[in-house]
Amino acid sequence: MSAIARLLRRNGLDCPGLPATLRIGFLNAILSTRSFTTITGSPTSSHLDGTTQNDSSRLVIEKIERFPQGAYNFQHLRKQGFSFFDKTRYIPLLSETSSPVKLFCRPRRFGKSLTLSMMEKFHGVQFKGKYNQLFKGLDVDRVVNQGDIEYGRYLILGFDFSLASLGGTSEKSVENLNDYINSTLQDFVQFYEASGLKLKLECCDFGNRDEAALNLYWVVRAVDTEITRIQSKADHQNIFYDVRGIFLTIDEYDAASTQYFLNDSAKAWRESPLSNAYAPFFQAIKSSMGSCAYGIGLVYMTGIMPLRTQNFSSYNIVENLSFDHRFSGLCGLTSQDVSNAVEMICKNHDEQKKHILRQLTFYANGYHFCPDRCVETVFNTSTIIEYLNAIAKDGRFTIDNPPNSEINERVLSLGADSFHAVAFMQQALQVDNNNEFQRIPYTTLLDHFSMTDLKVNTIGEPDTLEAAWHAFVIYQGGLTFDRCNPSKLLVIPNHIAASRIGKDMLTLFKVNSNDIQVALFALANEGAVDGVLREYQKVMETSLRQVSDFDLNEADYRDRLCGTLLQNAGIKPEMEFKVTKPLASRAGFIGILIESEKVCVLLELKNIPLNHLELKRRKILERAEELHVKSLRETLQLRFNKRKKYGEGTIGEFAETICPQINDCINSYELKQTVRRKNFRAYSVVFIGSRKIVFGEVGADGKWTEEGFQLAEYGAMSNM
């Protein structure tokens, strides 16, 4: 019988069905009665005032043509002589936060793993003798020389959950996760025992998957016992004499839950075996921190999203620093960082430097990771490093569509399945006259959320659902806090993000990219609007499926048409054109003005809600289907059932009244100034019940053209 089994039996805890979480809790209560020495020390003073700090990083130049590509090992980076941006000034600040368990989330490829490696190399006792090689002359060195922080005071226990092979079935993933935990613990023990640490581990069984969390618990206990012994002997020559405990790191802590989400499992995450496997692991961490003098002293976790892995109390010890203004520049590069690097590469080529900075700013800058104040925006680290390396080597790099972009396309495609997310992303993709993306208002920011919050589409509180999706897209890198008004507004950070989002929305709406390219070319070259409207008809049928979608107004349709097709950054039209929303020349006019080198096209938009039509069906979705199958003639002959707004006639009679309104707009001074010397075309576009689009063109004589009214459907009867 093993020592752990004897201890459990002796204390009446050998029940086969007793969860590991409870066993750890009971064992902690049993063992915590023994005395231990507590290390105390005066708190260090703050070395960075986040309200005034400059988030730019010093560029350490070794060989300018050698920036680390995909670097994640700080020691390798320093040993190989790479150029890098010095982030070591954040090490003291991270030591001063209130909780010993810290979580830092950023989108992909922002340098999270390299940051974690930097901290391991600073705090690890095995790197103490390499301090000068690794940190001499860097920003943290000044603080060390002042005596305000000490290096090499911890054993390093590092996990990377992306290495745990969390694929296949959920049950197999549990086995892989526990095998990985046991393997990492065994490597930890072997390394430090080879370095002279004598650990008594009779209770551990690294071959038992079911005991992975308990093995962690006993390893921490063994470390605590051995360091206490070394301290009691006052063995100052022992390299472990000054050790304060274990610095535990978890890179990509959310890998399992993210993978589960990507597999789009119908089963809720909190009910999965994989989620349940997390609970005892984190409970072991929490218990070890509270009962050992030299146990787990610091925990640093990185990931993409702050997910509640499930409803266990261990999460309440985690301090989420992702949007703390003090750490806004910890991962990512500021404009000054990038400018300094480009300056070193381009040297005296000022025009080249300006061109490069303009491109980078337009396509890649704009991440503002702070909701409560204005801080410097940052670039994605890996995207910039790839670009800088290409410049230094006179190579080619497609900045508008970089490989392995920070936004996971699979994640975005799943996000697009939620029409709550689609609604605000359609709005966010719109571009104003200054070529800036439209701001999205928000009221609540979730500090953490669960997959269930995202899976729900029509059930639950709408405000919570919206807040969860806002948080989800922010952490994925699709939205960021507006720099000028971060506490109230969100915005798409840059054109790389907009392009990825736009492409995924087209896929969701079943719009063929070649078809829309042809339609946009015809619009910009000839002023023909039928192709674009037919493509938007597909979007409308696919995206408008909830009861609230049948009560949209003209402005809603205008904004969605612009965000989805006309201003979608995921589409690169063969001919450039400009989209503006002109001022109303008379009350009630809502339109779009589209300009290219050859044409100027005016669209006046009208909307008839579904509940204003005389239809046989009574339920909203049934009425929508009844309208959907009607021909052009049948649609125009439909009568209104609410005559206050539309009168007593038919849709066709209502459409006839739009022609004078268009002529009124055409004759305005502002529009005449805009359209002179260009081919001008004007259309009326009527959205009917979120299921039909009827359009007609007004000719140069101020009357409808001979084509008459048309239906924006492929294969539909075109005219009356």
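**View 1. Arg681 and Glu697 pair across two strands.** Arg681 is partly exposed, at 21% relative accessibility. Like every view here, this one shows a predicted model. Glu697 is buried, with a relative accessible area of 15%. Arg681 and Glu697 form a salt bridge, and their closest N and O atoms are 2.9 Å apart. Arg681 belongs to strand 16 (residues 679–688) and Glu697 to strand 17 (residues 692–698), so the pair ties together parts 16 residues apart in sequence.

**View 2. Glu604 and Lys606 form a salt bridge.** The closest N and O atoms of this pair are 3.7 Å apart. Glu604 is buried, at 1% relative accessibility. Lys606 also counts as buried, at 10%. The cut-off for buried is under 20% relative accessible area.

**View 3. Glu150 and Arg244 link two loops.** Their side chains meet in a salt bridge, 2.8 Å from N to O. Glu150 sits in the loop between helix 7 (139–145) and strand 4, and Arg244 in the loop between helix 9 and strand 5, so the pair ties together parts that are 94 residues apart in sequence. Glu150 is partly exposed, with a relative accessible area of 43%. Arg244 is partly exposed as well, at 32%. The structure holds 21 salt bridges.

**View 4. Five strands make an open sheet.** The strand order is 4-5-6-3-7, with parallel pairing. Strand 4 (154–160) and strand 7 (318–320) stand at the edges; each has a single partner strand, so one side of each lacks a neighbour in the sheet. From one strand to the next, the twist averages 20°.

**View 5. Strand 5 pairs with strand 4 and strand 6.** Seven bridges join strand 4 to strand 5 (residues 245–251), and the two run parallel. Leu157 has Leu248 of strand 5 as its bridge partner. Gly158 is partnered by Thr249, also in strand 5. Strand 5 and strand 6 pair in the parallel sense over five bridges. Here Ile250 has Met301 of strand 6 as its bridge partner. Seven of the seven residues of strand 5 are buried, so this strand is largely enclosed by the rest of the structure.

**View 6. Helix 11 lies across four strands of the sheet.** Helix 11 (residues 273–291) lies across strand 3 (101–105), strand 4, strand 5 and strand 6. Helix 11 runs at about 145° to strand 6. Its 19 residues reach 28 Å from first C-alpha to last, close to the 27 Å expected. In helix 11, 15 of the 19 residues are buried, so the helix is largely enclosed by the rest of the structure.

Definitions and conventions:
Residues are numbered from 1 along each chain as its sequence is written. This is a predicted model: local features need pLDDT of at least 70, side-chain atom pairs count only at pLDDT 80 or more; totals for chains, interfaces and linings use all residues. Side-chain values use heavy atoms; hydrogens and water are left out. Two strands pair if DSSP finds at least two bridges between them. Axes are lines fitted to C-alpha atoms, for helices over the stretch in contact, and angles run from 0 to 180 degrees between N-to-C directions. Contact means heavy atoms within 4.5 Å. Buried means under 20% relative accessible area, exposed over 50%, partly exposed in between (1.4 Å probe, protein chains only). The expected span of a helix is 1.5 Å times one less than its number of residues. A salt bridge is a side-chain nitrogen of Lys or Arg within 4 Å of a carboxyl oxygen of Asp or Glu.
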